Amino acid sequence: MTSSISAWIWSERFWLPENVTWADLERPPPGVEYPRIRHLLYALPLAVLVFLLRLLFERLVAKPCAHILQIQAGVPRQAQPNAVLEKVYRSKACPDTRQLEGLSKQLDWDERKIQRWFRVRRNQDRPGMQKKFCESMWRLTFYFGIFIYGVRHLWGSPWMWDTRKCWYNYPFQHQSSEQFIHYTAELAFYWSLMFSQFIDVKRKDFIIMLVHHLATIFLITVSYANNMLRVGTLVMCVHDASDVFLEAAKLANYAKYQRLCDGLFVLFSISFFLTRLVIYPFWVVYSVLVESWEIVGPYQSWWLLNGLLLVLQTLHIIWFYLIARIAIKAIFKGKVSKDDRSDVESSTDEEIHSTSSRNAGQSLKPKDGSHTGNLNGEAQDH
């Protein structure tokens with residue numbers, strides 16, 4: 001039964017070009033190494049090691065840096081203990097109008113007071129500024145290190161300068177040790193991010209980031225199994241480039257260096273545009289979509305992989321629209337922080353929300369808060 005399921009999942013007819021079998025990739029010529037899917041199992045214990053390394057880094061490096069920059073952990077205001085509201089909060093952090101009315105009658109509290117309690121309770125669960133600074137510093141260190149490593153080994157690779165060479169003799173292409181290290185490091189990092197989501201303070205974008213990490217892990221695993229290492233390392237390197245500037249801008253934001261934050265965010269916007277709206281579609285996706293068709297020819301999983309790459313490009317366009325809005329504010333208004341989404345809900349936000357909800361409630365049922373994005377990388381209830 002298990003072998004039948006495995007054979008169906010890893011169908012040669014689906015995943016590999018015509019007349020190529022998994023057995024062919026298991027028997028490389030002397031001096032040649034092909035990727036083997038079981039090698040990616042090394043990424044799982046390595047992910048645990050990466051997570052432990054992150055904890056050490058945050059404690060021994062990032063936290064002292066935060067103290068130097070006078071970024072305090074901060075103690076959030078504690079919500080008044082209330083068993084009834086706490087039970088509702090555990091199931092739904094943002095109660096709707098009907099629930100608010102019911103709670104108001106049950107507790108004999110004003111609806112505005114109940115809304116304020118939920119606002120304080122949500123803020124209580126949000127990570128402090130120092131925690132976010134440490135997380136961003138860890139991600140900056142990883143993205144910078146893996147980007148430099150990727151550029152270093154790709155720079156001398158002929159397929160970086162002529163992407164048609166990504167497909168010559170595909171899939172019988174030698175796997176270098178640099179490619180294996182690059183793949184396992186990226187895969188271990190994203191496995192560690194996914195694991196840590198269940199341990200860290202639960203964020204409002206938990207499901208979105210979980211899907212993102214799983215999709216990334218899926219793409220890395222499939223491209224490795226298919227021996228698309230040449231184009232795969234190009235994709236990873238292109239994506240890591242702009243992330244360096246984003247995490248650096250976050251650090252400046254948390255440290256309250258506003259001009260530096262604005263400048264770094266503009267650099268992030270420019271690098272995002274160049275790497276993900278120019279290099280990625282016209283260099284990488286073009287190679288996978290057109291050059292591979294000409295040299296290798298399409299096969300079943302070819303359509304899936306190209307579809308996923310095009311979906312990713314669509315997301316890049318949407319993200320850049322949101323990024324550009326913030327960057328324009330940074331250039332013309334001189335401030336990036338707290339644009340469309342902030343980390344902590346303010347009393348003013350709460351009062352505006354409650355007033356608008358009451359007014360809207362006279363004719364329409366109020367909708368849930370909208371969610372957009374900013375440097376803090378978390379969801380916000382408006």
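**Salt bridges, aromatic pairs and a surface patch in a predicted model**

In this predicted model, Glu294 and Arg164 form a salt bridge in which the closest N and O atoms are 2.9 Å apart, a salt bridge being a side-chain nitrogen of Lys or Arg within 4 Å of a carboxyl oxygen of Asp or Glu. Glu294 lies in helix H13 and Arg164 in the loop between helix H9 (158-161) and H10, so the pair ties together parts that are 130 residues apart in sequence; helices (H or I, at least four residues) are DSSP runs, numbered from the N terminus. Arg164 counts as partly exposed, at 28% relative accessibility, where buried means under 20% relative accessible area, exposed over 50%, and partly exposed in between (1.4 Å probe, protein chains only). Residues are numbered from 1 along each chain as its sequence is written. Local features need pLDDT of at least 70, side-chain atom pairs count only at pLDDT 80 or more, totals for chains, interfaces and linings use all residues, and side-chain values use heavy atoms, with hydrogens and water left out.

By the salt-bridge rule the count comes to 13. Among them is the pair of Glu26 and Arg36, whose side chains meet at 3.2 Å, N to O. Because Glu26 lies in helix H3 (residues 22-26) and Arg36 in the loop between H3 and helix H4 (43-68), this pair ties together parts that are ten residues apart in sequence. Glu26 is partly exposed, at 38% relative accessibility, whereas Arg36, at 11%, is buried. Both residues belong to a network of salt bridges that links Glu26, Glu33, Arg36 and Arg38. A further salt bridge joins Glu247 to Arg139, with 3.3 Å between the closest N and O atoms. This pair links distant parts of the chain, with Glu247 in helix H12 (residues 229-254) and Arg139 in helix H8 (residues 129-155), 108 residues apart, and both partners are buried.

The structure also holds 21 aromatic pairs, for which rings of Phe, Tyr and Trp (its six-membered ring) must have their centres within 6.5 Å, planes under 30 degrees apart counting as stacked, over 60 as edge-to-face and the rest as tilted. The rings of Phe180 and Tyr224 have their centres 6.5 Å apart and their planes at 55°, so this pair is tilted. Since Phe180 lies in helix H10 (residues 177-197) and Tyr224 in helix H11 (residues 206-225), the pair ties together parts that are 44 residues apart in sequence. Phe180 is partly exposed, at 21% relative accessibility, while Tyr224 is buried, with a relative accessible area of 0%. The pair of Phe273 and Phe320 is likewise tilted, because the ring centres are 5.4 Å apart and the planes stand at 45°. Phe273 in helix H13 and Phe320 in helix H14 (residues 300-332) are 47 residues apart, and ring pairs link these two with Phe265, Phe268 and Phe272 into a cluster.

Phe273, partly exposed at 36% relative accessibility, also takes part in a nonpolar surface patch with Leu267, Ile270, Leu274, Val278, Ile279 and Phe282, the members having about 620 Å² of accessible area together. Such patches are made of residues with over 30% relative accessible area and no salt bridge, like charges being joined within 9 Å and nonpolar side chains (Val, Leu, Ile, Met, Phe, Trp, Tyr) within 5 Å; accessible areas come from the Shrake-Rupley method with a 1.4 Å probe, and for residues only the protein chains shown count as cover. Leu274, placed in helix H13 (residues 258-295), is partly exposed at 43% relative accessibility.

How values were computed. Helices (H or I, at least four residues) and strands (E, at least two) are DSSP runs, numbered from the N terminus.
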